[in-house]
Structures are given as C-alpha cells and as structure tokens.
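Colleague: Could you take me through this one and tell me what stands behind each label you use?
Modeller: Gladly, let us look at it together.

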Amino acid sequence: MNLLKKVFIALGSMDRRFIFLLVALSVLFPKLYPDLFTLPIKPSSHSQRVFDEIDTLKENSKVLVSFEYGPSTKPEIHPSAIALLNHLFSKNIKVYAVALWPDGNFMATEAFSQVADKYEKKYGVDYVNLGYKPGGEAVVKGLASDIRTMYTVDLLGNDIDSIEMMKDVTNLLDLDFIFSLSAGYPGSKEWVQFACDPLGIPMSTGCTSIQVTDIIPYVANNQIKGILSGMPGAAEYEQLVRNALDARGVMVEPGKASINMAAQSMAHIVIVLLIILGNITYYLTRKSGKKGGVQ
Amino acid sequence: MFLKRQMPVIIAISVGLFILFGHFINIAPVQQFVNNDATQWFDIIASFAIFLGALNMLKLQVLKVVKKQRNWQYSILAIVGFAFAIFAGFFFRGANYITLSDIDPNNVNQLVEYISTVQEVKDTALMVKGIESSLASYEIPKIFISKSSAEDFAILVSGLAKNVTLGVKPWGAHVQIEGSLFSWMFFKIFTPLSSTMFALLAFFVASASYRAFRIRNFEATLLLVAGIILMIGRVPIGEFIPWWVVSTLIVFGIGALIAPMIPDKKILFGLIVTGIVLSSVLGIIFDWSLAINTPGILSIPNISEWIFDYPTAAGSRAIMIGIALGIIATSFRIILGIERPF
C-alpha cells in the first residue's frame with residue numbers, strides 16, 4: 001500500500017514537460033494513424049437545429065455569412081464554414097459574405113475557393129464577398145439600415161451596383177438568413193443585438209467552444225437558431241451535411257473537424273486522467289502535508 | 001483649456017443624448033441621423049482609430065529600440081514586420097495575372113498541363129470544363145508575385161491562344177487575392193505563427209488543470225465534475241461510456257453528498273452497494289444497453305448538453321443582465337459628464 005502511495009506521490013510531482021509530451025502524443029497518434037481512431041459522430045440537438053434551419057431554406061434564398069475569426073481559431077470554425085458553404089451551394093442558395101474581423105476576409109476567400117468551383121458557382125452571380133469594415137456593431141447596424149452606406153465596392157473593388165446578385169438587396173431585411181462564424185467580439189452577439197433580433201431575421205452561429213457560454217442564452221431564447229459549438233459542433237454539422245448530400249448523390253469528403261475529433265477526444269481523455277491523478281496525489285499528500293503537483 | 005476640457009464633454013453629452021432620444025423621435029431626418037449618419041461617423045472614427053493604433057504601436061517599438069529597453073531586440077522584428085506589411089499593402093501589389101483570349105479548343109489540355117506547373121490543379125476535368133466555357137477570354141487561375149514570372153509564363157502559353165494579356169489586380173483588391181504578396185505574408189507567416197500561439201494553449205490548459213482542479217471544497221468539486229463531464233461529453237468518445245459506469249458514478253456522488261449525515265460508515269457502505277446493485281438490476285431489466293432505452297441521465301453527452309442548456313444558460317444570463325445594468329449606469333455617467341474616460 002505504501003509503495004502504491006509513493007508511486008502516486010511521485011507521479012503527482014512529475015515534470016510539467018512530461019505532461020506536455022503526453023498531450024502532444026495524444027494528439028499526434030490519432031493524426032498519424034486515423035484508421036485506428038475512427039469514432040462515430042452523433043449530432044447534438046443544437047447542431048441538428050442549425051442543419052434543419054439551413055435545410056428548410058428554399059432555392060435562391062439569400063444568406064449572409066459573416067466571417068469573424070482568424071488563423072488562431074481557424075481549426076475550430078473553418079470546418080463549419082466549409083460545411084455551411086457545401087450545404088448552401090448544394091441547395092443553390094445565394095451567399096453574401098462580410099467580415100467584421102480583418103482576418104475574416106482571408107478566411108472567406110479561402111472558404112469560397114475551396115467550395116465554389118465544386119458546385120460551379122460564379123462570383124457575383126451565386127456568391128459575393130463584400131469584405132471587411134471596421135466598426136463592429138456600427139457596421140451591423142449600418143447593414144441593417146442600408147448596405148450601400150457601408151459598402152460601395154466589394155472585396156475585389158467592383159462597384160456593388162454592378163454585381164448582379166446585389167441588385168435587389170438594399171438592407172438585411174432583403175436576406176432570408178444570417179450565419180455568423182464567430183470567434184469573439186464583434187461577432188454573434190452583435191448580430192443578435194443590432195440586426196437579427198430587431199429586424200426578426202433568423203440566424204445561426206458557429207463559434208469557438210469557449211464562446212458557447214456567452215451565446216447559449218440567445219440560443220435558449222430562440223434568438224439564435226442552433227449553435228455549432230467549437231470543433232465538435234463543426235464535426236457534427238459536417239456529418240449531417242455529408243449524409244444529406246450523399247442522399248442527393250453529391251459526394252463530399254469527410255471534413256477536417258470530423259478527422260480531428262479523434263485527436264481532440266484523446267487529448268480530453270488524457271487531461272481528465274491527469275486531473276484524476278492530480279486529485280489522488282492531492283488526497284494522499286494533503287494529510288501528510290507534502291506538496292504534490294507539477295514542478 | 002475650453003477646447004481641451006469643456007468641448008469634449010459638450011460633444012459627448014449632446015451626441016449621447018441625441019442618439020439616445022433619437023430612437024424615440026419619429027422624424028425622418030432624426031431617424032436618418034441615428035440609423036445611418038451616426039453609424040457612418042462611427043465607421044470613419046473606427047478607421048482612424050486603426051491608423052492611430054498602428055502609428056502608436058510603431059512609435060512604442062521604435063522608442064524601445066532607441067532606448068534599448070528590455071528585450072528591445074524583439075521590437076526590431078515587430079518594426080520589420082510592420083514595414084513589410086506596409087510595403088506589401090501600399091507600395092507593391094505583387095498581384096500580376098494573365099488573360100488568354102481566343103483559345104484554340106485543341107490546346108485546352110496543353111494549357112491545363114502548363115497551369116499545373118505553377119498551380120495545384122485539384123480537379124483537371126473541372127478546369128478543362130471551365131476553360132472550354134470561356135474560350136473567348138480566360139484568366140489563368142494563378143497570381144504571380146513578380147512581373148517577370150508572369151511574363152515567363154505568358155511566353156510559355158503564348159502559342160495556345162491568339163492574345164495573351166498581362167494585368168495587375170487593382171489597388172485594394174491585391175491584399176485579398178490569393179497568391180499576392182500580401183496574401184502570401186498572411187498565409188505563410190501570420191497564419192502559422194498565430195496558430196502556433198493558440199495551439200500552445202492546449203499544453204498550458206493540460207498543465208494548469210492538473211494543478212488547479214482539486215477537490216478542495218463543495219464548489220470546487222462541482223466545478224471539477226462539470227468540467228470533466230463537458231470535456232468527455234462534447235467529444236465522440238463520450239458516447240462510448242456505458243450506462244452502468246454513469247449510474248455507478250451517480251450512486252457514488254449521492255453517497256458523497258449524504259456521507260456527512262450518516263456517521264456509521266458500514267451503513268453508508270451498505271447504502272452505496274445497494275444503490276449500485278439496484279441500478280444495475282434496473283438496467284438489465286429495462287435493457288439500458290440499447291441506446292434507445294438508456295435514460296438521458298445515464299448518457300454523458302446528454303448530461304453535458306443539459307449543463308449547457310440550463311445551469312450555463314442561467315449563469316450566463318445573470319452575468320449578462322449584470323453587465324447590461326453596468327453599461328446603462330456607465331453610459332449615463334458619460335452622457336451626463338460625470339465620468340470622462342475620453
């Protein structure tokens with residue numbers, strides 16, 4: 001018994017670099033050997049809700065997609081963007097992109113270049129990228145009032161009046177749905193407060209896991225129709241879109257979030273095991289007064 | 001003194017009150033100001049703020065280098081990075097493109113072959129189709145950073161079409177177009193650096209949770225249990241945790257709660273064992289191993305969703321209402337000139 005106690009205490013005072021190594025291995029192995037770590041993905045009610053909302057939109061509906069994330073949060077949100085564009089383009093829905101973050105421009109450009117060609121979608125006819133404007137909520141409010149007061153040209157410098165799909169769009173009321181891909185401020189909250197709630201436009205969001213606690217009251221209140229929470233939410237939505245497109249005869253490869261779920265699962269398991277180990281050591285050292293924990 | 005002290009207060013009070021009461025005045029010019037002009041003013045000021053922020057950052061970094069303050073060497077990197085971004089954004093477009101007119105239909109495959117030498121072609125058939133539908137005028141889907149590389153490629157493909165035209169993307173658009181110098185900087189330097197910084201969080205979170213998540217008291221235990229449930233429940237592996245593990249953990253949890261009320265440890269032990277046996281028997285009778293029969297409370301993903309939907313939503317709402325009240329109070333203080341953060 002004493003030996004076991006000593007082992008736990010020794011483990012409890014392990015070097016933090018050993019923990020870093022464990023976490024790295026837990027992420028690396030599923031990435032290197034994905035076939036050994038295939039996990040089924042079951043959609044949560046929130047992801048299902050997002051899918052259902054988008055799926056009920058009719059052909060030629062107009063959807064505004066707002067890109068409010070950058071490279072640091074790209075692994076969590078970009079898969080949602082790709083799956084969303086697959087879903088929208090497969091239903092022949094027109095996509096209007098804006099960015100409330102400067103980095104969002106690049107994310108939008110990359111997402112469109114990854115998906116648009118597959119569905120033979122043409123810029124200016126099927127999708128348009130209006131680009132970034134500074135101002136956060138003021139931009140959202142401006143779009144709600146009159147898009148042309150905020151944007152006179154698109155991202156490529158084209159006059160927006162010369163863009164075919166912009167002709168019958170004056171403000172957000174002319175759109176059928178808004179989707180915010182958000183990693184912080186300004187983001188989904190601002191869309192709810194300054195556009196979607198006052199104007200009654202339905203919206204959904206794909207956000208980082210850490211943001212879910214901030215957004216969930218709006219979801220519970222039905223001001224946001226479903227939420228894709230972090231990479232797991234993106235993986236669930238990817239799965240739903242993939243199933244739906246398979247049924248329509250469109251082949252879509254597994255998305256990045258689905259592929260990365262095994263790595264995230266393993267990392268979570270390692271962290272939980274470390275927490276349990278840390279608590280056992282804490283319990284054993286508490287009475288003896290010894291100091292356990294990472295050095 | 002008036003311009004420095006009183007004037008900003010007068011502007012803040014008058015604009016603040018006008019915007020606030022403007023929402024309740026149904027006169028077209030007032031509504032126009034509140035909904036359009038004021039937001040455009042904000043937009044213009046925000047654009048200036050970015051400019052001022054950049055200048056301020058540059059000033060601080062230069063001063064750090066000049067005065068050789070602590071870690072001044074890193075500031076050189078910041079200044080060089082800043083200068084490079086300014087160069088790529090304002091002085092060098094690096095976004096040359098080539099347009100082919102009147103392409104000979106027999107040369108389409110050859111053209112795709114040439115394109116594949118400078119650009120990854122994911123779907124050859126799709127590209128062939130795209131070129132065939134735009135034989136009159138086709139823009140090569142590759143942006144060349146230098147003019148000379150564009151010219152070299154233009155010479156290579158010159159025999160495939162009647163006219164080969166070289167162009168440069170307009171100012172402004174060049175920062176967004178994939179393949180330009182600015183986009184190269186963003187995707188090849190900024191993106192990996194930014195991702196690396198964020199990825200490091202995983203290691204620190206692991207180390208920090210190992211040290212900080214301790215069962216010290218009731219609140220800490222609640223936090224720990226909720227954290228673990230969310231960590232496991234939000235990933236697919238949570239689906240694999242069988243009902244009997246969850247039911248046993250619930251019985252242990254109840255046992256821990258009632259332990260202080262039962263001084264006799266034998267009775268406590270008996271109650272826990274009875275609970276485990278009872279839940280196991282119920283599980284076997286009602287066949288909880290089938291996902292459709294499993295009660296929601298015995299599924300980790302369901303519990304994690306419940307935590308998000310109820311306790312988290314309630315807590316977040318309380319915080320939001322508190323923040324909103326604080327914002328109202330602060331706004332009033334600013335509008336009335338009591339507080340002057342400007």
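Modeller: Let me begin with the nonpolar patch: helix 11 of chain B gives it the largest share, four residues. Bear in mind that this is a predicted model.

Colleague: What makes up the nonpolar patch?
Modeller: Its members are L20(B), F21(B), F24(B), I25(B), I27(B), I321(B), L325(B), I328(B), F332(B), L336(B) and I338(B), and together they make about 1100 Å² of surface. The elements giving two or more residues to the patch are helix 1 (2-22) and helix 11 (300-335) of chain B.

Colleague: Why is I27(B) called partly exposed?
Modeller: The relative accessible area of I27(B) is 47%. Buried would need under 20% and exposed over 50%, so I27(B), at 47%, falls in between and is partly exposed. A patch residue needs over 30%, and the 47% of I27(B) meets that part of the rule.

Colleague: And where is I27(B) found?
Modeller: I27(B) sits in the loop between helix 1 and helix 2 (28-66) of chain B.

Colleague: Now the sheet in chain B. Why are strand 2 and strand 3 said to stand at the edges?
Modeller: The open sheet has three strands in the order 2-1-3, with antiparallel pairing. Strand 2 (137-139) and strand 3 (161-168) of chain B each have a single partner strand, so one side of each is left without a neighbour in the sheet. From one strand to the next, the twist averages 25°.

Colleague: How do you know that strand 1 and strand 2 of chain B pair?
Modeller: Pairing takes at least two bridges. Strand 1 (residues 96-103) and strand 2 of chain B have three bridges in the antiparallel sense, so they count as a pair. In strand 2 of chain B, S137(B) stands opposite S101(B).

Colleague: Which helix lies across strand 1 and strand 3 of chain B?
Modeller: That is helix 6 (residues 147-157) of chain B, which runs at about 170° to strand 3 of chain B.

Colleague: What about chain A: how many helices and strands does it have?
Modeller: Chain A has 11 helices and six strands. Its C-alpha atoms fill a box of roughly 80 × 40 × 35 Å along the principal axes.

Colleague: What share of chain A counts as buried?
Modeller: Of the 295 residues in chain A, 59% count as buried, the cut-off being under 20% relative accessible area. Chain A exposes about 12100 Å², with carbon and sulfur atoms supplying 57% of that area.

Definitions and conventions: Residues are numbered from 1 along each chain as its sequence is written. Chains are lettered from A and ligands numbered from 1 in the order in which they are written. This is a predicted model: local features need pLDDT of at least 70, side-chain atom pairs count only at pLDDT 80 or more; totals for chains, interfaces and linings use all residues. Side-chain values use heavy atoms; hydrogens and water are left out. Axes are lines fitted to C-alpha atoms, for helices over the stretch in contact, and angles run from 0 to 180 degrees between N-to-C directions. Contact means heavy atoms within 4.5 Å. Patches are made of residues with over 30% relative accessible area and no salt bridge: like charges are joined within 9 Å, nonpolar side chains (Val, Leu, Ile, Met, Phe, Trp, Tyr) within 5 Å. Accessible areas come from the Shrake-Rupley method with a 1.4 Å probe; for residues, only the protein chains shown count as cover. A salt bridge is a side-chain nitrogen of Lys or Arg within 4 Å of a carboxyl oxygen of Asp or Glu. Buried means under 20% relative accessible area, exposed over 50%, partly exposed in between (1.4 Å probe, protein chains only).
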